[in-house]
Amino acid sequence: MANVIVIGAQWGDEGKGKVTDLLSRSADVVVRYQGGVNAGHTVVVQGQTFKLHLIPSGILYPNTACIIGSGTVIDPQVLIEEIDRLEALNVDTSNLFISQTAHVTMPYHRLIDQAAEDKRGDQKIGTTKRGIGPTYADKADRTGIRMLDLIDPDGLKERCEWTVNYKNPVLEKLYNLPPLDPQAVIEQYSAYADRLRPFVVDSSLKIAEAVRERHNILFEGAQGTLLDLDHGTYPYVTSSNPIAGGACVGAGVGPTIIDRVIGVAKAYTTRVGEGPFPTELNGEVGKILGDIGAEFGTTTGRARRCGWFDAVIGRYAVRINGLDCLAITKLDVLDSLEEIKVCVAYEIDGETCHHFPSNAALFSKCQPIYKTLPGWQQSTAECRHLDDLPKQALDYLKFLAELMEVPIAIVSLGASRDQTIIVEDPIHGPKRALLNANGDPV
Ligand code: GDP
Ligand code: IMO
Ligand code: MG
C-alpha cells in the first residue's frame with residue numbers, strides 16, 4: 001500500500017492530469033483536495049481527449065473510487081455538465097463521490113469574480129473568472145453554502161435566501177449589477193441538488209475506510225506550487241493550497257498516512273494570468289514553445305505565457321512540498337531547439353540569489369542567470385526508455401535532477417498515456433533516503 005500526493009511544481013498546467021491518470025492504474029481511490037472549476041486537467045487515452053475540471057483524473061478506471069474532497073469548491077452546473085459529458089462518452093461515473101463539506105460556488109460568486117477583475121484595472125490578477133476567490137472568501141467568512149446545505153431542501157431554501165439577500169447590496173452598490181432573485185436561485189440550485197444528491201458522502205470517513213483497508217490512495221492537486229495562497233507569488237495566486245500540505249487539510253487525513261509526494265513539472269515553464277515570471281520569453285522561442293506545446297488554457301482558452309525552465313522555483317517546490325521525485329512532462333516540446341536554457345539562479349540588484357524570494361516586489365526584480373545546454377534536434381516522441389533518448393536530452397534531464405536534488409521518476413514525451421518513460425516506479429520504487437544511518441543528511 002502507498003498513499004501518494006501528486007502536485008504541480010510550477011504555475012499549474014504541468015500535466016498533472018496525464019500523470020494522475022497514469023498512476024491511477026495502481027490506485028484504488030483518487031482524491032481532488034482543493035481548487036474548483038478553475039482547474040483543467042487533460043487526459044488523452046487512445047486518441048480520445050478528456051478535459052476534467054473537478055472530477056479526479058482517475059475516473060477512466062472503472063474500479064477506482066474518485067472523490068471530490070472537502071477542500072474543493074464546487075460549481076454544480078459545471079460539475080453536472082462534466083458528469084454528462086463523461087457519461088456520453090461511456091465513462092462510468094458510479095464510482096464518483098462528492099464531499100458533503102465542500103463549498104458551493106453560487107451565481108453571485110461568479111458575478112463578483114468577474115466584476116472585481118474588471119474593477120481592479122491594472123491591478124487585476126487574471127483569474128479564470130469562475131468564482132473561485134469569492135467562494136473561498138465566503139468559506140473563510142463563514143457565509144458559505146456547503147454541499148450538505150445544497151442537498152437539504154429546507155437548508156438550501158434558508159441558506160440561499162439569506163445569502164442572496166446578504167450579497168445583493170454588494171452586487172448593486174459595489175459593482176453596479178442588478179440584484180439576484182433569491183427564489184430563482186433556490187429553484188435553479190434545487191434542480192442541481194436533485195442531480196448531485198446521490199453522489200454526496202462523508203468523504204473523510206470514506207477515505208479513512210480506504211486507509212484501514214490498506215488501499216492505495218492518490219491525492220491529485222490542482223493548480224501549482226507558485227499559485228498557492230500562502231506560499232505562491234501572492235497576490236497573483238489562487239485562493240486555495242495546492243501544495244502537498246494542502247492535501248491533508250483538503251481531504252481530511254492526517255499527514256502520517258502519506259508515503260510519497262510527486263511533483264509534476266514541465267521541461268520548460270508556463271503561466272496563465274498576471275504576475276511576475278522571470279524566465280518568460282516574449283520573442284520567437286516563446287512562440288515556438290507555445291505553438292508546439294499547444295499552450296492554451298484548458299479552462300479559459302487563454303494563451304499561456306511560456307519561458308525557460310526555472311530551477312530556482314523548482315528547488316522551492318521541492319522544499320515546500322517535500323518532493324520525493326519529479327515527473328518531467330513535455331520534453332518533446334523542446335525537440336526542435338538548437339539550444340536550451342535553464343535558470344540556475346537570479347540576479348537581484350546586482351546580487352546573486354539562489355532562493356525564491358517570497359517578497360513580491362523582490363521577485364518582480366529577479367533577472368534569470370542561465371546555463372545554456374545543447375538541444376538534441378530530433379524527435380523524442382517515440383522514446384520509451386531512457387536509453388532511447390538522445391544524449392543531449394538525457395543530459396538535460398540529469399542537469400535538472402542535479403539542480404533540484406531529486407530523482408526524476410517519470411518523463412513524458414507526448415499527451416498520450418503510452419508516451420511515457422517510467423524511470424523508476426514512483427509509487428512502489430525505492431524511496432529516497434533523507435538521512436543515513438548516522439542521522440546525517442545524504
Ligand atoms: P494539468 O492542469 O496539470 O493537468 O495540465 P493541462 O492538462 O492543463 O495541460 C497540459 C497539456 O499538455 C494538456 O493538453 C496535455 O494533454 C498535454 N501534455 C501532457 N503531457 C504532455 C507531454 O509530455 N507532451 C506533450 N506534447 N503534451 C503533453
Ligand atoms: P490546473 O489545475 C493554471 C491561475 C489563473 C490566475 C490565478 C487565479 O489546470 O493546473 P483563480 O481563478 O484560481 O482565482 O485564478 O490562478 N490558475 C491556473 N493557472 N492552471 C490552473 O489549474 C489554474 N487555476 C487557476 O490563471 O492567474
Ligand atoms: Mg490545467
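**Figure 1. Residues surrounding ligand 2 in the predicted model.** Of the 20 residues around ligand 2, those that come nearest are Asp-13, Lys-16, His-41, Thr-128 and Thr-238. This view is drawn from a predicted model. Sorted by class, the shell around ligand 2 consists of 10 polar, 7 nonpolar and 3 charged residues. The space that ligand 2 takes up is the largest pocket.

**Figure 2. Polar contacts to oxygen atoms of ligand 2.** Two of the contacts shown involve the protein backbone: a backbone N or O atom of Val-272 lies 3.0 Å from an oxygen atom of ligand 2, and a backbone N or O atom of Gly-126 lies 3.4 Å from an oxygen atom of this ligand. A side chain is also represented, since a polar side-chain atom of Arg-302 is placed 2.9 Å from an oxygen atom of ligand 2. On its own, ligand 2 has 550 Å² of accessible area, of which the protein covers 97%.

**Figure 3. Residues surrounding ligand 1 and its pocket.** Ligand 1 is surrounded by 19 residues, the closest of which are Lys-16, Gly-17, Thr-42, Asp-332 and Ser-412. Lys-16, listed here, is also among the residues that come nearest to ligand 2. The pocket in which ligand 1 sits is the second largest.

**Figure 4. Backbone contacts to oxygen atoms of ligand 1.** A polar backbone atom of Lys-16 is 2.7 Å from an oxygen atom of ligand 1, while a backbone N or O atom of Lys-330 lies 2.9 Å from an oxygen atom of the ligand. A further contact comes from Leu-413, where a polar backbone atom is 3.4 Å from an oxygen atom of ligand 1. The protein covers 90% of the 580 Å² of accessible area that ligand 1 has on its own.

**Figure 5. Cysteine residues Cys-343, Cys-353 and Cys-366, with no disulfide in the model****.** With a disulfide taken as a pair of cysteine sulfur atoms within 2.5 Å, the count for the predicted model comes to 0. Cys-343 is accordingly in no disulfide, and the cysteine sulfur nearest to its own, that of Cys-366, is 8.3 Å away. Cys-343 counts as buried because its relative accessibility is 0%. For Cys-366, the closest cysteine sulfur belongs to Cys-353, and because the two sulfur atoms are 5.8 Å apart, they are too far from each other for a bond. Cys-366 is likewise buried, having a relative accessible area of 5%.

How values were computed. Residues are numbered from 1 along each chain as its sequence is written. Chains are lettered from A and ligands numbered from 1 in the order in which they are written. This is a predicted model: local features need pLDDT of at least 70, side-chain atom pairs count only at pLDDT 80 or more; totals for chains, interfaces and linings use all residues. Side-chain values use heavy atoms; hydrogens and water are left out. Buried means under 20% relative accessible area, exposed over 50%, partly exposed in between (1.4 Å probe, protein chains only). A residue is near a molecule or strand if one of its heavy atoms lies within 4 Å of it. A polar contact is a pair of N or O atoms within 3.5 Å; within protein, one must be able to donate a hydrogen and the other to accept it, and residues adjacent in sequence count only if both atoms are side-chain atoms. Accessible areas come from the Shrake-Rupley method with a 1.4 Å probe; for residues, only the protein chains shown count as cover. On a 1 Å grid over the protein atoms alone, a cavity is a set of points where a 1.4 Å probe fits but cannot get out, and a pocket is an open set with protein on both sides within 12 Å along at least five of seven lines; lining residues have an atom within 4 Å of a point. A molecule sits in a cavity or pocket if more than half of its atoms lie within 2 Å of its grid points. Ala, Val, Leu, Ile, Met, Phe, Trp, Tyr, Cys and Pro count as nonpolar, Asp, Glu, Lys and Arg as charged, and the others, Gly among them, as polar.
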